[in-house]
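Open the structure in your viewer and keep the sequence panel beside it. The tour below goes from one selection to the next.

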Amino acid sequence: MDSIRVKGGNELNGRIPISGAKNAALPLMIASLLTDDTLTLENVPDLADVQQLIRILGNHGVDHSVNGRREKQQEGYSRTINFSARHIVDTTAPYELVSKMRASFWVIGPLLARMGEAKVSLPGGCAIGTRPVDLLLEVLQSLGTEIDIEGGYAIARAKNKRLVGNRHRFGKVTVGGTHVGLMAASLAKGETVLENAAREPEIVNLAECLNAMGAKITGAGTSTITIEGVDSLSGARHRVIPDRIETGTYAMAVAMTGGDVVLEGGRIDLLQRAIDILTETGAEISQQDDGIRVKRNGNGVRAIDVTTEPFPGFPTDLQAQFMGLMTMASGQSRITETIFENRFMHVQELARLGAHISLSGQTAIVDGVSRLKGAPVMATDLRASVSLVIAGLAAEGETTVSRIYHLDRGFERLEDKLSNCGAVVERLSG
Ligand code: EPZ
């Protein structure tokens with residue numbers, strides 16, 4: 001199993017190209033199931049999760065082809081990929097595929113909308129919490145779906161083969177539920193209104209793509225989204241937004257190590273709250289034409305309290321990385337996780353680097369230390385893994401992060417991007 005070895009102590013200086021967002025690309029790829037025409041997606045990141053979803057979509061009959069060369073200079077290493085679901089050959093998403101990636105459950109929305117039926121394995125738990133799908137099934141039921149749970153599968157059938165628009169209020173803000181609701185309602189008969197919808201930029205990116213395909217969606221980016229169902233959708237060409245979590249992660253890395261880095265293609269408006277917080281800790285951050293510039297010079301890191309919230313709040317997907325930063329702040333910081341109940345697995349690993357963190361329910365209390373010290377640590381999930389890598393960059397000596405297959409799910413060419421800015425990072429095979 002591969003691991004990453006980091007020799008800490010260097011500042012980061014230079015340019016890091018920001019890739020297309022994983023969490024935007026995945027639902028956009030799934031939206032290709034809604035049309036028999038070709039959906040061309042630009043700026044798709046080259047990640048293990050994208051490859052896995054290509055396999056899952058292939059099982060339903062989606063062909064894909066990768067266009068041209070990688071767009072190396074401006075847009076990370078992301079690619080343009082054509083997806084074509086001319087014929088849906090199978091409406092079942094089996095356990096072996098869905099269990100590897102939770103987001104693949106979302107195929108239930110477009111399969112139902114286009115084919116009137118879907119049989120999709122329930123995804124099961126994952127490292128960061130129980131993560132049920134009840135809210136996703138509820139929105140589909142509101143649109144006229146009958147659902148039976150049998151043998152670990154959700155067996156869903158649209159009454160009279162077509163979904164029917166309705167007013168639906170999500171009991172809790174859910175990104176996946178909103179994606180599924182949008183895709184399903186796009187081909188439903190009549191109008192759907194989704195209330196208490198997620199407002200994440202990835203939702204807006206999906207709604208814009210669906211509109212380019214002929215859907216009639218208004219209000220994406222607010223908590224009430226209206227969808228006027230259409231009879232069919234066409235192909236389109238659409239661009240994946242830059243990855244705001246990757247952007248925030250590298251911004252935090254610079255805040256930890258010190259230095260001066262331009263995050264090429266990064267957009268502050270996609271993560272304003274996290275940028276505000278980082279600025280409060282002492283980083284200097286500005287939007288430039290070519291991206292976001294992050295600087296931190298000699299001054300210490302100020303301790304700031306943070307609570308994770310749905311967008312536009314501070315993202316749960318940056319909580320572990322922010323905790324890494326707070327381990328070396330002057331003073332105490334309280335980090336409260338409100339989205340997932342078990343997203344503190346990095347705490348014990350950061351402690352191995354010398355961090356002082358105690359847990360009180362859903363709050364981590366971090367007492368900054370003057371320096372972290374390198375150690376062997378183990379990655380537990382995607383965002384926790386990267387928090388260990390960036391903590392290693394700021395630590396004295398050598399840190400080895402094992403089980404980094406998690407990282408490959410969501411960070412494109414992490415070692416290259418960091419090494420190009422002066423970090424000593426290498427991947428060890430085996
Ligand atoms: C998306 O997951 C992201 N995944 C997650 O990123 C991200 O952490 C999360 O949104 C929150 O921002 C992708 O976009 C592929 P939710 P999702 O439905 O859609 C509960 C990463 O590291 N809930 O918004 O699955 C749920 O347990 C990943 O890239 C229910 O109770 O998240 C959680 O507490 C990890 N019932 C809360 O809602 C449901 O049916 C929000 O989850 C669905 C969710």
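Is Asp49 buried or exposed? Select Asp49 to begin, bearing in mind that this is a predicted model. Asp49 counts as buried, because its relative accessibility is 3% and the cut-off for buried is under 20%.

**Stop 1: the partner of Asp49**

Add Arg409 to the selection. The side chains of Asp49 and Arg409 form a salt bridge, with 2.9 Å from N to O. Now colour the two helices: Asp49 belongs to α2 (residues 48–60) and Arg409 to α13 (residues 405–410), so this salt bridge ties together parts that are 360 residues apart in sequence. Arg409 counts as partly exposed, at 28% relative accessibility, whereas Asp49 is buried.

**Stop 2: two neighbouring selections in strands**

Select Asp260 and Arg293 next. Their side chains meet in a salt bridge of 2.6 Å, N to O. Asp260 is in strand β15 (residues 259–264) and Arg293 is in strand β17 (residues 291–296), 33 residues apart. Both ends are partly exposed: Asp260 has a relative accessible area of 23%, and Arg293 has 28%.

**Stop 3: from one end of the sequence to another part**

Go to Asp2 and Arg427. A salt bridge joins their side chains, at 3.4 Å from N to O. Arg427 sits in strand β26 (residues 424–428), while Asp2 is in the segment before β1 (3–7), and the two are 425 residues apart. Asp2 counts as partly exposed at 28% relative accessibility, and Arg427 is also partly exposed with a relative accessible area of 28%.

Which residues belong to the network that includes Asp2 and Arg427? Add Asp408 and Glu415 to the selection: salt bridges with shared partners join Asp2, Asp408, Glu415 and Arg427 into one network. The model has 24 salt bridges in total.

**Stop 4: rings**

Select Phe314 and Phe322. They form an aromatic pair, with 5.5 Å from centre to centre and 65 degrees between the planes, an edge-to-face arrangement. The count of aromatic pairs in the model is one. Phe314 is buried, with a relative accessible area of 1%, and Phe322 is buried too, at 0% relative accessibility.

Then move to Tyr153 and look at the face of its ring. Lys119 lies over that face, 4.9 Å from the ring centre.

**Stop 5: the ligand**

Select the ligand and show what is around it. How many residues surround the ligand? There are 23, and the closest are Asp134, Leu135, Thr174, Asp317 and Ile339.

Label the polar contacts one at a time. A polar backbone atom of Ile339 is 2.5 Å from an oxygen atom of the ligand. Pro132 also has a polar backbone atom by a ligand oxygen atom, at 3.1 Å. For Arg383 the contact is made by a polar side-chain atom, which lies 2.7 Å from an oxygen atom of the ligand.

Switch on a surface for the ligand. Taken alone, the ligand exposes 830 Å², and the protein buries 90% of that.

Finally, colour the elements that give two or more residues to the shell around the ligand: α1 (22–31), α5 (134–142), α6 (175–186) and α12 (382–394). Which element gives the most to this shell? Select α5, which gives the most, with three residues.

Methods: Residues numbered from 1 in each chain as written. Predicted model: local features only at pLDDT ≥ 70, side-chain atom pairs only at ≥ 80, totals over all residues. Heavy atoms only, no water. Phe/Tyr/Trp six-rings, centres within 6.5 Å; stacked < 30°, edge-to-face > 60°. Buried < 20%, exposed > 50% of the residue type's maximum accessible area, 1.4 Å probe, protein only. Lys NZ or Arg CZ within 6 Å of the ring centre and 35° of its normal. Salt bridge = Lys/Arg side-chain N within 4 Å of Asp/Glu carboxyl O. Helix = DSSP H or I, 4+ residues; strand = E, 2+ residues; numbered from the N terminus. Near = heavy atom within 4 Å. Polar contact = N/O pair within 3.5 Å; in protein donor to acceptor, adjacent residues only side chain to side chain. Areas by Shrake-Rupley, 256 points an atom, 1.4 Å probe, with all protein chains shown as cover.
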